[in-house]
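Me: I have a structure here that I have not looked at before. Can you walk me through it?

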Amino acid sequence: MSRSYDTQLALYIDGERLGPSGRSTHNVVNPATGDTLGELPLATPADLDRALDAAARGFRVWRGKTAEERGNVLAGAARLLRERADRIAPIATQEEGKTLTESRIEVMMAANLFDFYAAETRRIYGRVLVRPAGMLSRVMKEPVGPVAAFCPWNFPIGNPARKLGAAIGAGCSIIIKPPEEAPGSAIEVVNCLLDAGLPKEVVTCVFGVPDQVSRHLIASPIIRKVSFTGSVAVGKHLMKLAADGGKRTTMELGGHGPVLVFDDADLDRALEVLVAAKFRNAGQVCVSPTRFYVQEGIYERFVKEFAARTAKVAVGNGLEGGIQMGPMANPRRPDAIEGFVAEAVKVGARVMVGGERGIAGGADSSGGVGSGGRGSRGFFFRPTVLADVPTSARVMNEEPFGPIALMRPFKTFEEAVEQANRLPYGLAAFCFTENGRRALLLGDAIESGMVGINTTMIAGADAPFGGVKDSGHGSEDGPEGLEACLVLKTIHQA
């Protein structure tokens, strides 16, 4: 497996790869070492105008292709992703920080999505309405038009694949703006599509100052649909921009995942899956389990055993063997988590493990891991468990987006549900109980787009992924993800 940063950082517009010449640039940094990986060119207004022109032409070309032609491109890209996994995975690990195992899983997730949409393109069905003899009324589904898609840095392979697969499967062209912090992964996904035969005008990949790029693209009448994954604040801002042009939106926004653990739960099983899920990608996951409400009778035991398992999580450079959690993706994240912990402790929370920068084993606040072992430049924060966290603590009300588990006891079913639904977020929630009746009631009572009962596995290529309340609207993945890129047309003929 190659461990070099083996990708070409460039804009991709209308079949051309455009480098830094004459453009501002952004340094891509390895969060495990602080080293610069490469120089990323940022799009100019002229570049964005050219991207819009290509998207308009690409839509005219692509919407006329058959379902089989679109599906063949997606299936071919899925095959290429699997073939190139050993090269793509280290790119994601170096620019985002997650472990190599997680990056490989993400490549396979992207391939599975492309395979699903390749088949789903053949199931874009309309219907014929009942009418008198001599009349025909039919309901048809058509591609919405050129899509502008904005991706976050935490899943630099999977999130672009979600947006690309749905749009391309539906017959749309797409301008995608991946994150400047982790651009190479998305570039490689785009390369797989192009190498599988996607016409060059159909997909454009740009980078730039986020607010400038989003305003420029969304203001254009060429764009018919906006897809965004990221924070609630930015999502609401983009919705306002889209509203000016009456554009459709899919918004997958922030979360603050509640976990309800009842006293009849299989504790060993719950601990096994929850500790792994909590510290996946250093907790930088929108559906990460975060607010743990544990029934009083098992609370102290659960906290103690969760903390003990957390202390054993191996932290370091994601390229190294045996590592279970890498660094945070950028220097802003350790600062944020450190502030959350300090405020929570001030109002009464207990630090059970972690609570400081560095890596497990006593690294100091500047600790980190270099490419060959321990060093001092990475953006590391130790896996952290806080117990007895007051509801008033800031971290219990704002999405922390980091390696921090927050514990509180509860007495009754009603109290647990009230706490789970207390916040304006509604992306993912998790419940652990062996009582089948209780499980059914929880599924109905929890206000969340996705609920995992005795599991944290809540995503799949065939399942809709999305939230409610401030966590957004619309879905990605599943047939619903494709539907989000389609519009209805009713044709009446006499």
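Reply: What follows is a short chat about charges, rings and contacts in this predicted model.

Me: Start with charges. How many salt bridges does the structure hold?
Reply: The structure holds 32 salt bridges. In general, side chains of opposite charge can pair when their charged atoms come close.

Me: Take Arg 87. Which side chain does Arg 87 meet in a salt bridge?
Reply: Arg 87 meets the side chain of Asp 6, at 3.9 Å from N to O. The two are 81 residues apart, so to speak of the chain's distant parts being linked is fair here: Arg 87 sits in helix α3 (residues 85-96), and Asp 6 in the segment before β1 (11-13).

Me: Is that pair buried or exposed, or in between?
Reply: In between. Arg 87 counts as partly exposed because its relative accessibility is 25%. Asp 6 is partly exposed too, with a relative accessible area of 36%.

Me: And what about Arg 350, which residue is its salt bridge with?
Reply: Asp 388 is the partner of Arg 350, and their closest N and O atoms are 2.7 Å apart. Arg 350 lies in strand β14 (residues 350-353), while Asp 388 is in the loop between β17 (384-387) and β18 (404-410), so the salt bridge ties together parts that are 38 residues apart in sequence. Arg 350 has 32% relative accessibility and therefore counts as partly exposed. Asp 388 is also partly exposed, at 28%.

Me: Which residues are joined into one network by salt bridges that share partners?
Reply: Asp 14, Asp 53, Arg 57, Lys 200 and Glu 201 make up one such network. Within it, the side chains of Glu 201 and Lys 200 meet at 3.7 Å, N to O.

Me: Glu 201, then: buried or exposed?
Reply: Buried. Its relative accessibility is 15%, and the cut-off for buried is under 20%, so Glu 201 falls on that side. Lys 200 counts as partly exposed, at 37%.

Me: Where on the surface does negative charge gather?
Reply: A patch of negative charge on the surface is formed by Asp 266, Asp 268, Glu 272 and Glu 434. Asp 268 belongs to helix α9 (residues 267-278). With 44% relative accessibility, Asp 268 counts as partly exposed.

Me: New topic. How many aromatic pairs are there?
Reply: A search of the whole structure finds 8 aromatic pairs. In one of them, the rings of Phe 292 and Phe 302 have their centres 6.4 Å apart.

Me: Why is that pair of Phe 292 and Phe 302 called tilted?
Reply: Their planes are at 40°, and planes under 30 degrees apart count as stacked and over 60 as edge-to-face, so this pair is tilted.

Me: Where do the two sit?
Reply: Phe 292 is in strand β13 (residues 289-295) and Phe 302 in helix α10 (residues 296-311), 10 residues apart. Both Phe 292 and Phe 302 are buried.

Me: Which residues form the aromatic cluster?
Reply: Phe 279, Phe 292, Phe 302 and Phe 306 form one aromatic cluster.

Me: Last one. What about Thr 290, buried or exposed?
Reply: Thr 290 is buried, because its relative accessible area is 5%. Thr 290 lies in strand β13.

Me: How far is Thr 290 from Phe 430 in sequence and in space?
Reply: Thr 290 and Phe 430 are 140 residues apart in sequence and 9.9 Å apart in space, C-alpha to C-alpha.

Definitions and conventions:
Residues numbered from 1 in each chain as written. Predicted model: local features only at pLDDT ≥ 70, side-chain atom pairs only at ≥ 80, totals over all residues. Heavy atoms only, no water. Patch = residues over 30% accessible without salt bridge, like charges linked within 9 Å, V, L, I, M, F, W, Y side chains within 5 Å. Areas by Shrake-Rupley, 256 points an atom, 1.4 Å probe, with all protein chains shown as cover. Salt bridge = Lys/Arg side-chain N within 4 Å of Asp/Glu carboxyl O. Lys, Arg positive; Asp, Glu negative; His and termini not counted. Charge placed at Lys NZ, Arg CZ, Asp CG, Glu CD. Helix = DSSP H or I, 4+ residues; strand = E, 2+ residues; numbered from the N terminus. Buried < 20%, exposed > 50% of the residue type's maximum accessible area, 1.4 Å probe, protein only. Phe/Tyr/Trp six-rings, centres within 6.5 Å; stacked < 30°, edge-to-face > 60°.
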